[in-house]
Amino acid sequence: MTKAKGFKKSKTGTYLSIGTTAFGAISVIKQAKKARFEGDTLRLIDAAVSAAAIVTGLALLYRELKRLGDDDVLLG
């Protein structure tokens with residue numbers, strides 16, 4: 001159990017969180033397309049707010065990776 005508790009704060013756990021958060025973006029994109037097609041302003045606003053939450057979440061996860069001192073070339 002101790003390993004599982006520390007997983008969320010590990011590099012691997014953070015990468016997994018980034019992947020699942022980015023995967024959630026697919027659902028938001030589909031929601032936005034459907035809302036635009038149907039002219040549903042409220043659903044479009046919901047998709048925009050969800051997209052903002054995803055971007056913020058990814059930024060926080062990126063900052064966590066930087067804090068963990070990742071040597072990945074992509075992080076600079």
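What should the 28 residues of helix H2 span at 1.5 Å a residue, and how far apart are its end C-alpha atoms? In this predicted model, H2 covers residues 11-38, and a rise of 1.5 Å a residue leads to an expected span of 40 Å. The end C-alpha atoms of H2 lie 41 Å apart, which agrees with that expectation.

A look along H2 shows which of its residues are hidden. Gly13 and Thr14 are buried, and so are Val28, Ala32 and Ala35. A general feature of helices helps in reading such a list. An α-helix has 3.6 residues a turn, so residues three or four places apart point the same way. Just after H2 comes Gly39, which takes a positive phi of about 70°.

The next helix to consider is H3, made of residues 41-67. H2 and H3 pack with their axes 9 Å apart and at an angle of about 165°. Because angles over 145 degrees count as roughly antiparallel, the two helices H2 and H3 are roughly antiparallel to each other. Their crossing is left-handed. Sorted by class, the contact of H2 with H3 contains 14 nonpolar residues, together with six polar and five charged ones.

One charged residue deserves a closer look. Glu64 is found in helix H3. Is Glu64 buried or exposed? Its relative accessibility is 18%, and because buried means under 20%, Glu64 counts as buried. The side chain of Glu64 also has a partner: a polar contact of 2.6 Å joins it to the side chain of Arg67.

Definitions and conventions:
Residues are numbered from 1 along each chain as its sequence is written. This is a predicted model: local features need pLDDT of at least 70, side-chain atom pairs count only at pLDDT 80 or more; totals for chains, interfaces and linings use all residues. Side-chain values use heavy atoms; hydrogens and water are left out. Helices (H or I, at least four residues) and strands (E, at least two) are DSSP runs, numbered from the N terminus. The expected span of a helix is 1.5 Å times one less than its number of residues. Buried means under 20% relative accessible area, exposed over 50%, partly exposed in between (1.4 Å probe, protein chains only). Axes are lines fitted to C-alpha atoms, for helices over the stretch in contact, and angles run from 0 to 180 degrees between N-to-C directions. Angles under 35 degrees count as roughly parallel, over 145 as roughly antiparallel, 65 to 115 as roughly perpendicular and the rest as oblique. A crossing is left-handed if the near helix is turned anticlockwise from the far one by less than a right angle, and right-handed if clockwise. Ala, Val, Leu, Ile, Met, Phe, Trp, Tyr, Cys and Pro count as nonpolar, Asp, Glu, Lys and Arg as charged, and the others, Gly among them, as polar. A polar contact is a pair of N or O atoms within 3.5 Å; within protein, one must be able to donate a hydrogen and the other to accept it, and residues adjacent in sequence count only if both atoms are side-chain atoms.
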